[in-house]
Structures are given as C-alpha cells and as structure tokens.
Amino acid sequence: MTTLLELKDVVVGYGRIEALHGLSFTVEQGEIVSLIGANGAGKTTTMKAISGLLNLSKGSITFDGEDITKMKAHVRVVKGISQSPEGRGIFPGMTVLENLDMGAYSRKDRSQLQDDIDRVFALFPRLAERKTQLGGTMSGGEQQMLAIGRALMGRPRLLLLDEPSMGLAPQFIKQIFRIISEINEQGTTILLVEQNANQALARAHRAFVLETGTITHSGTGKELLADSAIKEAYLGVA
Ligand code: ATP
C-alpha cells in the first residue's frame, strides 16, 4: 500500500488551549479511514489542520510524499485535498449547478467539467432533479449531498468529510454512507469524521478513536465495532 497522508506528532492549539496533543496516523491510498470521538475530542480540529485552515504548533503533515505542513489551504486543494465541511457551507444564493461549478474553480482542465457534473448527478440523482434550485432552499439532506458533490468537482485524491450524517433523517443517513462507499470504490481516498460511530466503523477499512486530542484506539473498522469498550462508549451498547 502507498501512504497518501501522514500526520506525525501533530500539535494544534487555540491560543493557550491545546486541542491536539501530538497526533500521529496515516491514510493509505484507496482507504476509507474513520475518526470517531465525542464532542470536543478534536475531530474538526484534525480536519482543519489537514486542509490548512489551522496552523500546527508542532509536528508535520505529509501528502503523497510531500511535506505540506506550511502549505496554504488553496494550494492543498490544487494538490488534491478537498474538504466537505461540517455544517455544509454551500452557497445558499447560488443554484445547484452554480455551487458545483464553484467546486471546480481550482481545476485547470475545465473541458471535463460536464463529465464531472454528470458523475455527481449519477451519484446524487436528487441534485439532477433540482439543478436550478437555490442551494439555500434545499433540505438539510440535499444540502449535504450538494456539499459532497461540490467537493468531488475538484477531483480530489483525498476527500475530507466532516460529519456528513449530522442532522439527517435516518433514510438520508443510510443513503449518504452508501454513496461514500461508492465514491471510494470509484477511486477516491476518504477520511471521515463522525459521531455516528456505527455507520462510520462499518464503512471504514481502518479507524481511530480520538479522546481529548489523543488517539486511544485504532484498528480495522470491524475490530473496533467488536471492541466491548468502544461498544459501551460509542455504540450505545452495554
Ligand atoms: P464536535 O463533534 O463537537 O464538533 P470535535 O471533536 O470536532 O467536536 P473540535 O471542534 O475539534 O472537536 O474541538 C476540540 C477542542 O478545541 C474543544 O475543546 C473545543 O472547545 C476547542 N476549540 C475548537 N475551536 C476552538 C476555537 N475557535 N477557540 C478555542 N477553542 C476551540
């Protein structure tokens, strides 16, 4: 396997409060890796450190063999790291098509834009039906689909998904996770942050549990699903 992303001893703080205390893990090419943990464990902070929205106070991040620790966020997008943020962050005053187009802004080969739009519409038929609707008037689940679709328009090598199931009705949750596996099967490596631990572990090749800025458990998705301590703490089973 080839390592696509490597975090080594990553420390990130907000002022004097340290949120990540020396985090180390890898994501191999082709994997779905899930990061689970309670509120405030540092999941979003980890994603922002990888996408370049937060600076590290110590440690390093390597992407495809290149040290990106000090690289600006927009350069990381061009390198192939795309984030679908928590809380969706679509452009509410733009149509579905315009939102997707914004996701491709960093691409040089805009000739293949239509192919990519077709691919997103094949993954999310609901977006195709609503391509001229304003993003802000879509339901929560539809906005989540649009945010993921927009992130895919940059043809990322690594897709960072922060809480894709947050606030969704059960039928949408199942659908989103099914689509995440499909995107992965089409060749995109995925790092997934989730509070819905059951689904996130079931879909993951490997997973990590984050507790107050430190990794406390790691293994395959199946191993963590079967671990009694994790069942008790995160899966709602005693
Ligand atoms: P959640 O699931 O609730 O979103 P999380 O695991 O994503 O939680 P983070 O948002 O990464 O957690 O937060 C990690 C820690 O850093 C928390 O203690 C949080 O209060 C703190 N933190 C996050 N953002 C800031 C900020 N802008 N200023 C100060 N502290 C922050």
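A salt bridge is a side-chain nitrogen of Lys or Arg within 4 Å of a carboxyl oxygen of Asp or Glu. The exercises below use a predicted model, where local features need pLDDT of at least 70, side-chain atom pairs count only at pLDDT 80 or more, and totals for chains, interfaces and linings use all residues. Residues are numbered from 1 along each chain as its sequence is written, and side-chain values use heavy atoms, with hydrogens and water left out.

**Exercise 1. A salt bridge**

Task: Find which parts the salt bridge of Glu31 and Arg206 ties together.

Solution:
- Step 1. The structure holds six salt bridges.
- Step 2. In one of them, the side chains of Glu31 and Arg206 meet at 2.7 Å, N to O.
- Step 3. Glu31 lies in the loop between strand S2 (17–28) and strand S3 (32–36), and Arg206 lies in strand S9 (residues 206–211), so the pair ties together parts that are 175 residues apart in sequence.
- Strands (E, at least two residues) and helices (H or I, at least four) are DSSP runs, numbered from the N terminus.

**Exercise 2. Two domains**

Task: Describe the contact between domain 1 and domain 2.

Solution:
- Step 1. Take the bounds: domain 1 is 1–80 + 157–237, and domain 2 is 89–155. Such bounds come from an automatic or database domain assignment.
- Step 2. The domain centres, taken over C-alpha atoms, are 23 Å apart.
- Step 3. Each domain gives 16 residues to the contact (heavy atoms within 4.5 Å).
- Step 4. The two domains bury about 1300 Å² between them, 70% of it on carbon and sulfur atoms. Buried area is the accessible area (1.4 Å probe) that two parts lose on being put together, summed over both.
- Step 5. In domain 1, Phe172, Ile179 and Ile183 lose the most area to domain 2, together 30% of what that side buries.
- Step 6. Count the pairs. There are zero salt bridges between the domains, and two residue pairs are in polar contact, both at pLDDT 80 or more. A polar contact is a pair of N or O atoms within 3.5 Å; within protein, one must be able to donate a hydrogen and the other to accept it, and residues adjacent in sequence count only if both atoms are side-chain atoms.
- Step 7. On the domain 1 side, helix H2 (73–79), strand S7 (158–162) and helix H7 (170–185) each give two or more residues. H7 gives the most, with six residues.

**Exercise 3. The ligand**

Task: Find which residues are closest to the ligand.

Solution:
- Step 1. 13 residues surround the ligand (a heavy atom within 4 Å).
- Step 2. The closest are Gly40, Gly42, Lys43, Thr44 and Thr45.
- Step 3. Check the backbone. A polar backbone atom of Gly40 is 2.8 Å from a ligand oxygen. For Gly42, that distance is 2.9 Å.
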